[in-house]
Amino acid sequence: DLELKAKHLAVASKHCDAALAKFKGATRAHVLLALIAFSMRKGPVGEQHLRQAILLDPADQTAWTVLARFYRQTRASKQLAALENARPTLLSS
């Protein structure tokens, strides 16, 4: 988190990769890697990381919220509608 906030994307990415190498269920690492990917204009990579985070922990609202925001920003209305149907209570606020 700190490296990402300091805009040290390469270092943040390495830390996240290391976390995933130790524990494949590190959902926060997937979310951070998604944010890094989005900042580098690699939307599909970010989307994949968020979908993996959702699969690992569907109760964690962060990945759902970030993915919904990405779909809104990219005007991906079909994907947003599908996401809202999958988890409507989280995205209505």
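In this predicted model, His 49 is in contact with His 30, Leu 33 and Ala 34, neighbours within four places in sequence being left aside. His 49 is found in helix H4. The relative accessibility of His 49 is 19%, and because buried residues are those under 20%, His 49 counts as buried.

Helix H4 spans residues 43-56 and has 14 residues. From the first C-alpha of H4 to the last, the helix reaches 20 Å, close to the 20 Å expected at 1.5 Å a residue. Besides His 49, the buried residues of H4 are Gly 43, Gly 46, Leu 50, Ala 53 and Ile 54. These residues lie on the same side of H4, because the arc they cover around the axis is only 140 degrees. An α-helix has 3.6 residues a turn, so residues three or four places apart point the same way. On the other side of H4, the exposed residues are Pro 44, Gln 48 and Leu 55. The cover over the buried residues of H4 includes two helices, H3 (27-39) and H5 (61-73).

Helices H3 and H5 are also linked by aromatic rings, with Phe 38 in H3 and Phe 70 in H5. A search of the whole structure finds 2 aromatic pairs. A pair of aromatic rings is described by the distance of the centres and the angle of the planes. For Phe 38 and Phe 70, the ring centres are 4.4 Å apart and the planes stand at 10 degrees, so this pair is stacked. The stacked state follows because planes under 30 degrees apart count as such. The two residues of this pair are 32 residues apart, and the pair thus links distant parts of the chain.

Phe 70 also forms an aromatic pair with Tyr 71. This second pair is tilted, with 5.8 Å centre to centre and 45 degrees between the planes. Through these ring pairs, Phe 38, Phe 70 and Tyr 71 are linked into a cluster. Two members of the cluster were examined for burial. Phe 70 has a relative accessible area of 14% and is therefore buried. Tyr 71, at 2% relative accessibility, likewise counts as buried.

Conventions. Residues numbered from 1 in each chain as written. Predicted model: local features only at pLDDT ≥ 70, side-chain atom pairs only at ≥ 80, totals over all residues. Heavy atoms only, no water. Helix = DSSP H or I, 4+ residues; strand = E, 2+ residues; numbered from the N terminus. Expected span 1.5 Å × (residues − 1). Buried < 20%, exposed > 50% of the residue type's maximum accessible area, 1.4 Å probe, protein only. Arc of directions from axis to C-beta. Contact = heavy atoms within 4.5 Å. Phe/Tyr/Trp six-rings, centres within 6.5 Å; stacked < 30°, edge-to-face > 60°.
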